[in-house]
Amino acid sequence: MKKVDCIIVGQGIAGTMLSWFLMQEGFRVLVIDDGKKNSASRVAAGIINPVSGRRFEPAWMYDEIYPFAKSTYAELSALLNVNILTERNLWTVFPSEQLRDAFNAKAGKGSNEKYTTIPQDLQYGEYLQQTLGAAIIKGATVNLKEFLPAYRQYLTNKEALLPVHFELSALEVISDDEVKYGDYTANQIIFCDGVAGAANPYFQAIKFLPNKGEVLMIRIPGLETSDIIKKSITLVPQPEGLFWAGSSFAWKYPDELPTSEQRVHLEEKIQQLLKVPYEVTDHLAAVRPSGDDRRPIAGFHPEYPAIGIFNGLGTKGCSLAPLMAAHFARVIKKKEPLMAEIAVNRYFNKPRR
Ligand SMILES: Cc1cc2nc3c(=O)[nH]c(=O)nc-3n(C[C@H](O)[C@H](O)[C@H](O)COP(=O)(O)OP(=O)(O)OC[C@H]3O[C@@H](n4cnc5c(N)ncnc54)[C@H](O)[C@@H]3O)c2cc1C
């Protein structure tokens, strides 16, 4: 029997960050991940956007979340020899007069001052339909495509990765601080399994609102930029001259596969943005793991304290995961209390609607 302190199920951005910070706190971890091809973290573009929604309000806790994410990704870049975070402008084309007015009312003012500007010249005139003008939002991207496999290799080298599907039926809860799974015993098991978490019988109290997103990979001959371009669709530069073009939102879906309906929808949006021809090279889909209040979900089951969860990163896994995982790791190490806003107990303490 092999003994670790903590088993983590899932190596998306949640399990990656939590395992990293638990190891920084001195824990021995085992990460179990089945390498699901269309997990949210493997399909996401990795955008970090400082402002949210149609009112361009600063994102939740952004002034704490972003500097912490930036320094964490820099540390991991040095360790793994992968360039993880790239700061980029989001060239934001106004799709309507209302959005332009909302942006102008906030741009360069108050808490938005650091993140937003109105450009002096309208760039990309040859490529983009932008009759209502555009704005610049200062964001970033996280290179999930290289970061997650590099971290997986790091775990493998430390003999801390089991690349298999975890079967809940094989989990034995021995006591409040011991679980057994196959050849392993651990004090705790923490589920970082993304949308699969919604089916976990231990966490049926959580009101998950998972939503499916679809994405096209496209080539736009002649367009070379390091900016993210955003209108009602977002284009994110990728290696080899490709752009990630997404994404859709669907709360009702029969499966996790790409659909012809959303492909048409995404292409309509691309055509409303681009003046030039493009070619579709791929079509992907994945499900975002979200809770009903759009806040992360962390903590341990009130009746089974050896069973924990770190989930609910929604549309913002890349910005939220580092700070939230570092905080949760310190909570597990008993160095600080869990933030009430992200505590899983908020679901167990209220009647399910
Ligand atoms: C189309 C799309 C675009 C997005 N764009 C962005 C973006 O630009 N910026 C941003 O910050 N966020 C974005 N997101 C959201 C982001 O992807 C999520 O917040 C984040 O990836 C969630 O990470 P996670 O680790 O919780 O879940 P996941 O990434 O889903 O990871 C779960 C992991 O658990 C593993 N797993 C599950 N069950 C088992 C099991 N039984 N056994 C073993 N392994 C298991 C899976 O293989 C997977 O690796 C996007 C999401 C989608 C779908």
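**Close-up 1. Surroundings of Thr92 in strand 6 of the predicted model.** Thr92 belongs to strand 6, which covers residues 85-93, and at a relative accessibility of 7% Thr92 counts as buried. The side chain of Thr92 comes to 3.1 Å from the backbone oxygen of Leu90. Apart from residues up to four places away in sequence, Thr92 is in contact with Gly133, Ala134, Ala135, Ile137 and Lys230. The C-alpha atoms of Thr92 and Lys231 are 6.0 Å apart in space, although 139 residues separate Thr92 from Lys231 in sequence.

**Close-up 2. Lys212 in strand 13 and the residues in contact with Lys212.** Lys212 lies in strand 13, made up of residues 211-219, and is buried, with a relative accessible area of 2%. A polar atom of the Lys212 side chain is found 3.0 Å from the backbone oxygen of Asp255. When neighbours within four places in sequence are set aside, the contacts of Lys212 include Ser248, Phe249, Ala250, Tyr253, Asp255, Glu256, Leu257 and Thr259, together with Ala285, Ala286, Val287 and Arg288.

**Close-up 3. The crossing of helix 3 and helix 7.** The axes of helix 3 (residues 62-80) and helix 7 (residues 317-332) come within 8 Å and cross at roughly 85 degrees; the two helices are therefore roughly perpendicular to each other. From helix 3, the residues Glu64, Ile65, Phe68, Ala69, Thr72 and Tyr73 take part in the contact, and they meet Cys318, Ser319, Leu320, Pro322, Leu323, Met324 and Ala326 of helix 7. Sorted by class, the contact between helix 3 and helix 7 holds 10 nonpolar, 2 polar and 1 charged residues.

Conventions: Residues are numbered from 1 along each chain as its sequence is written. This is a predicted model: local features need pLDDT of at least 70, side-chain atom pairs count only at pLDDT 80 or more; totals for chains, interfaces and linings use all residues. Side-chain values use heavy atoms; hydrogens and water are left out. Axes are lines fitted to C-alpha atoms, for helices over the stretch in contact, and angles run from 0 to 180 degrees between N-to-C directions. Helices (H or I, at least four residues) and strands (E, at least two) are DSSP runs, numbered from the N terminus. Angles under 35 degrees count as roughly parallel, over 145 as roughly antiparallel, 65 to 115 as roughly perpendicular and the rest as oblique. Contact means heavy atoms within 4.5 Å. Ala, Val, Leu, Ile, Met, Phe, Trp, Tyr, Cys and Pro count as nonpolar, Asp, Glu, Lys and Arg as charged, and the others, Gly among them, as polar. Buried means under 20% relative accessible area, exposed over 50%, partly exposed in between (1.4 Å probe, protein chains only). A polar contact is a pair of N or O atoms within 3.5 Å; within protein, one must be able to donate a hydrogen and the other to accept it, and residues adjacent in sequence count only if both atoms are side-chain atoms.
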